[in-house]
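Dear colleague,

I am passing on the structure we spoke of, and you will find it directly below. My notes on what turned up in it follow after that.

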Amino acid sequence: MFGAALGDIVGSEYEFMPIKSKDFVFLDNTMDYTDDTIMTVAVAEALLNSDINDEEVTKNNLIESMRKWGRRYPYPTGAYGSMFSSWLRLDNPKAYNSWGNGSAMRVSAAGWLYETMEETRKAARLSAEVTHNHPEGIKGAEATASAIFLARTGEDKEIIKRYIEKEFGYDLSRKLCDIRESYSFDGSCQGTVPESIICFLEGVDTEDTIRNAISLGGDADTMGAIAGSIAEAYWKEDLSEMVRPYLPDDLYSVLSMIKIVAYSRISDF
């Protein structure tokens, strides 16, 4: 959870000023959390208070939580996407068939809160479907949550790679040095989720993974959030103090609660 926030914060500096290098200042006072962290918190709070076996109630909880947090923080750094911003203002919002990477950047709680892959993927699907109900939007959320679940439960990188390739059809055999050469901003799940997972696969720790993601010169905050969330689960680094100076108390408190609940529910810790 803190890995998603850290990747978002570091990437906030480079979303509109893309770079093609891993040599950059990792954290400074010009960086800030964006809508990615706000919606990660919204999904986390909703899932924490839902029984995913009741899909209708869970989806209603997700919608209300996103609207609550979106209205509490209406003008985040980088802004909400135009379609999502309109969705937040509706009295009775409906999914709008999006394949954008918003479904993947906010899903990390699904990878932490459940004891089985089946539950993890179901929670991820539900979290996507309230807005991003296009098959690619759902796939991006499920793939990200699945990678977090496998990383958190101690699987090695090769097993994670094979599972994601088999279940979701992403090509994870490419190398970052080859991707970086021609890669540019892409807001789709299909154009960012596999690349973000490759950033994790080539990373040596969470910071290196986030540097990989930002160095592609794309949607830096979102790719940092996706890659960082997987990396944190894999290396099990305590990132809470790194992000604490950047987050308001209410956002930080939800992320902290997810960590406490995850550790108490899951035997692997």
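**The largest pocket**

The largest pocket is lined by 27 residues, and those that lie nearest its centre are D35, G81, N101, G102 and H132. Please keep in mind while reading that this is a predicted model. The volume of the largest pocket comes to about 510 Å³. Its lining divides into ten nonpolar, eleven polar and six charged residues, and the helices that each supply at least two residues of that lining are α2 (35–48), α4 (82–89), α5 (102–105) and α13 (220–235).

**The cavity**

Turning to enclosed space, the structure holds one cavity of 30 Å³ or more, and about 90 Å³ of space lies in the largest cavity. The residues that line the largest cavity are M1, F2, W112, E232, K236, E237, L255, K259, A262 and Y263. Helix α15 (residues 249–265) provides the largest share of this lining, namely four residues. By character, the lining of the largest cavity divides into six nonpolar and four charged residues, with no polar ones.

**The nonpolar core**

The largest nonpolar core has 90 residues, and within this core M39, L47 and W69 are the residues with the most contacts. Helix α8 (residues 135–152) gives the most to this core, with nine residues. As for L47, if residues up to four places away in sequence are not counted, L47 touches I52, T58, L62, A109, A110, L113, Y114 and A123.

**S215**

One residue that may deserve a separate look is in helix α12 (residues 206–215), where S215 has its place. Is S215 buried or exposed? S215 has a relative accessible area of 0%, and because buried means under 20%, S215 counts as buried. Its side chain has two polar partners that I would point out in turn: the side chain of S215 makes a polar contact with the side chain of R180 at 2.9 Å, and the side chain of S215 also reaches the backbone oxygen of N212 at 2.8 Å. Leaving aside neighbours within four places in sequence, the residues in contact with S215 are I19, K20, S21, K22 and R180, so that R180 appears both in this list and as the partner in the 2.9 Å side-chain contact.

With best regards

Note on methods. Residues numbered from 1 in each chain as written. Predicted model: local features only at pLDDT ≥ 70, side-chain atom pairs only at ≥ 80, totals over all residues. Heavy atoms only, no water. 1 Å grid on protein atoms, 1.4 Å probe; cavity = no way out; pocket = protein on both sides within 12 Å on 5 of 7 lines; lining within 4 Å. Points joined across faces, edges and corners; volume = space filled by probe spheres on them. Nonpolar A, V, L, I, M, F, W, Y, C, P; charged D, E, K, R; others polar. Core = buried A, V, L, I, M, F, W, Y, C linked by side-chain atoms within 4.5 Å. Buried < 20%, exposed > 50% of the residue type's maximum accessible area, 1.4 Å probe, protein only. Contact = heavy atoms within 4.5 Å. Polar contact = N/O pair within 3.5 Å; in protein donor to acceptor, adjacent residues only side chain to side chain.
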